[in-house]
Each structure stands twice: as structure tokens, then as C-alpha cells.
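I opened the notebook to record what I could look up about strands, rings and charged pairs. The structure comes first, and my entries follow it.

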Amino acid sequence: PHQLQKLVQLDSPQPHGDDSEGNSETQLKVSAIEAGGMMFVAIDNLGVLWMWGNIPQPSSSDGDTFTLKSFSAPIPMWDFYGHTVVKVACGNEHVVALVSAGENHNNDDNLVCYGWGNNKHGQLGLGDTESRSRPQVVTQFSQVSVWKAYEVACGAFHTVVLTLKKRPSVCWTFGLGENGQLGHGTTQNSSLPKSVSELPEHAYFVAVDCGLFHKSVVSTAGEVWSWGMEKGLGLCPDGRGQSGVLGDGKARDSYTPTMVLWPPLSEDFNDGLNSADTDSKKPEKPFEESDIPASLLESDSFDVAKAWQSMLEATDGKELRRLEMFYGNMVDGVKDKIMKRKIQEIVRECMQS
């Protein structure tokens, strides 16, 4: 393949800016990097995966036996030549990658999810606990799957994959679950991907990450949900080192996603909310698309106007509280006093209705 022809011209990664040999067209540049417990993985500008540290390797000629071998310099993953590695993540001893089905990645095509390395807790999502020395396709996120994977992250012995279908986003987890880090409401392991059903159905998740024994996801609305081992989840506004799921100061693990509680809203914003109790006068016109800042309207990942309108029309108290939290964080970054007053009027209208 064309990709392989270009790669073989690169004996090893070259320092950035070194073009003394006149090979600038094939100069290797790193476009993404991730770190696990004992390894590093990186993707270059050709879509090739490089690994170093203690990485999964076959321990015998048949390639069926798994072991970890130490490499002090990056080595390429030959298994994916002819394809483009788009996303990669690694845990203590396992790796999960999202790879193009063909040579190049097309946004309309499904990415194929591969897993390899230690699988004692089912963290590869292959339906068993047998470790793999070479990448193997995770059936739930194959080329023909109805789920379109777009993001992946790994904890110590667990994995999370974000996908798209009819609903905005679906979060899948698998692997070790003893601290509730899978978000399934139990402490059981799962060797197959299982959706985190307690997350909101209409949220679009833009980022996900894992700690040793916990996970967090972020939505386009700026909301954060966390679950797993309680230390570090940030679910209690007072005494963040001793976080508790219910915000009552009790230290406990969270087996299902819980929204992270941010510090109290700014003083100016609280004053605006308090005045809503006595001010019965409504704004002259309802919320319209023209009221949204241009920076949000230009977002290409999500229809902000439509989403905000649907939230304003909702009568569910939970949705209104989430909207209030979103506006509180947004106001902190708005320096224009006129814009701040407009935002307060919008929230005041929502709270009255």
C-alpha cells in the first residue's frame, strides 16, 4: 500500500525540523500520544501506531502466548499497515485502538475497534478473559456494526468506548468493575461491551477519560459525569478529597454516573437568580437563536440553537437545574456586562416558567 511505501523510507522517528536529507515529504511527526501504566503509544501523521515501554508481544513463534516485553525506543505496529489508526488508548497492560477499515479514514465509514494485551478482567471486550498478543476485532464495534465508534479510553483494567447511532451518544464500558468503574450499578466485571444506561439519553459526549478505577465523560453542554472509586470523582462541593456520591460528606464509591457538582455560582449571578422571586415582569420576547453567542452558533459538532430551545421548552425540573448550572459556568467567562444581563434574563424566564 502507499502508506507502507512511505513508511519504509523512515528508518526511525526524526527530530522535528530535521530535513537535512531532503525527505520533508515523508518526515515523521507525532499527531497523538497516550500513556498507560507501563507503556506509551503514539500515532504519527501517516496513521501508523508506535509503542514503547512494556508492551504486549508474542512469547513464542506461534504468536498465541501473551507476554510483556520492554522496548526503550518506539517500534511500529505492523499489524495495521494498510490502515489508518485514528484513536488509541492503553491501560496497565492492554491497548485498544480505533482503526480505519480501508487504507484511509473517511468520516462516513465505521472505525474498527481492536484490543490486545492483558485480558484477565475482560478489558478487551472480546467476551472472554484470554489475553491476546496481537490485535483482535471487538465484534460490537466492527466495520459492519450499527454503532459508530468515535472515542476510546482505558483505565488500569477497564475500557470505555463512545459510539453514535440514532441517539446522540452511547457510552460502552467493559473490564474490571470491582469499584463500580463500569457504571452498570454493580461491582461485577464485564467481558463484553455494555452500555451505561444511567447517562442522559439525549446528551452528546465530546470527551471521555479514565483513572485507575474511575471514569468521566463530558457533554457538549459542559456537563461532567463520573463514576467508580469515590476518591477523585469531585462529586462533593465541600472537601473534594473526600468526595461522596450524594454530596452529603460520606465517602462511598459510585456504581452509576453522577453529575459533578461545581463550586457555587458567582455572586453577580446569584443576585440575578434571587431577584427572580420578586420580579414578575418577563422579558419582552422569548429566547431566540439570535440570543446565542456567535462562538456557539458556529459549532459544527452539535445544533446548539435546537438543543437550547428544547431544554427551554422542557418542563422537567432536572433539565432546568442542569440548564442553570450550565449558565452559571458560562457567565463566569463572559466579561461583557450587557451579555451577562441578557443571560440572567434568559435564566430568570426559565425559572419562572
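The entries below go from sheets to aromatic rings and then to salt bridges.

**Ground rules.** I am working with a predicted model, in which local features need pLDDT of at least 70 and side-chain atom pairs count only at pLDDT 80 or more, while totals for chains, interfaces and linings use all residues. I number residues from 1 along each chain as its sequence is written, and side-chain values use heavy atoms, with hydrogens and water left out.

**Entry 1, a sheet of S5 to S8.** I took helices (H or I, at least four residues) and strands (E, at least two) as DSSP runs numbered from the N terminus, and I counted two strands as paired if DSSP finds at least two bridges between them. On that basis I found an open sheet of 4 strands in the order S5-S6-S7-S8, with antiparallel pairing. S5 and S8 are the edge strands, each with a single partner strand, so one side of each has no neighbour in the sheet. From one strand to the next the twist averages 15 degrees, where axes are lines fitted to C-alpha atoms (for helices over the stretch in contact) and angles run from 0 to 180 degrees between N-to-C directions. Looking at one pairing, I noted that S5 and strand S6 (residues 94–99) run antiparallel over 5 bridges, and that valine 88 stands opposite alanine 97 in S6.

**Entry 2, a sheet of S13 to S16.** I then looked up an open sheet of 4 strands with the order S13-S14-S15-S16, where the pairing is antiparallel. Strand S13 (205–210) and strand S16 (254–259) form the edges, each pairing on one side only, and the twist averages 15 degrees from one strand to the next. Within this sheet, strand S14 (residues 214–219) pairs with strand S15 (residues 224–228) in the antiparallel sense over 5 bridges, and lysine 215 stands opposite tryptophan 227 in S15.

**Entry 3, aromatic rings.** How many aromatic pairs are there? I paired rings of Phe, Tyr and Trp (its six-membered ring) if their centres lie within 6.5 Å, calling planes under 30 degrees apart stacked, over 60 edge-to-face and the rest tilted; the count comes to 8 aromatic pairs. One of them joins phenylalanine 141 and tryptophan 172, edge-to-face, at 5.8 Å centre to centre and with 75 degrees between the planes. This pair links distant parts of the chain, since phenylalanine 141 is in the loop between strand S8 (132–137) and strand S9 (148–154) and tryptophan 172 is in strand S11 (residues 170–175), 31 residues apart. Phenylalanine 141 and tryptophan 172 are both buried, which I take as under 20% relative accessible area, with exposed being over 50% and partly exposed in between (1.4 Å probe, protein chains only).

The rings of phenylalanine 205 and tryptophan 225 have centres 6.0 Å apart and planes at 85 degrees, so I entered the pair as edge-to-face. Phenylalanine 205 lies in strand S13 and tryptophan 225 in strand S15, so this pair ties together parts 20 residues apart in sequence; phenylalanine 205 is buried, as is tryptophan 225. I also noted one aromatic cluster formed by Phe80, Tyr114 and Trp116.

**Entry 4, salt bridges.** Which residues meet aspartate 79 and glutamate 151 in salt bridges? Using a side-chain nitrogen of Lys or Arg within 4 Å of a carboxyl oxygen of Asp or Glu as the criterion, I found that the structure holds 3 salt bridges. Aspartate 79 pairs with arginine 134, with the closest N and O atoms 3.2 Å apart. Aspartate 79 lies in the loop between strand S4 (66–76) and strand S5 (85–90) and arginine 134 in strand S8, so the pair ties together parts 55 residues apart in sequence. Aspartate 79 is partly exposed at 33%, and arginine 134 is partly exposed at 37%.

Glutamate 151 pairs with lysine 87, the closest N and O atoms being 3.4 Å apart. Glutamate 151 is in strand S9 and lysine 87 in strand S5, so parts 64 residues apart in sequence are tied together. Glutamate 151 is buried, with a relative accessible area of 17%, whereas lysine 87 is partly exposed at 29%. I last recorded the salt bridge of aspartate 128 and arginine 132 (2.9 Å, N to O), in which aspartate 128 is partly exposed at 23% and arginine 132 is buried at 13%.
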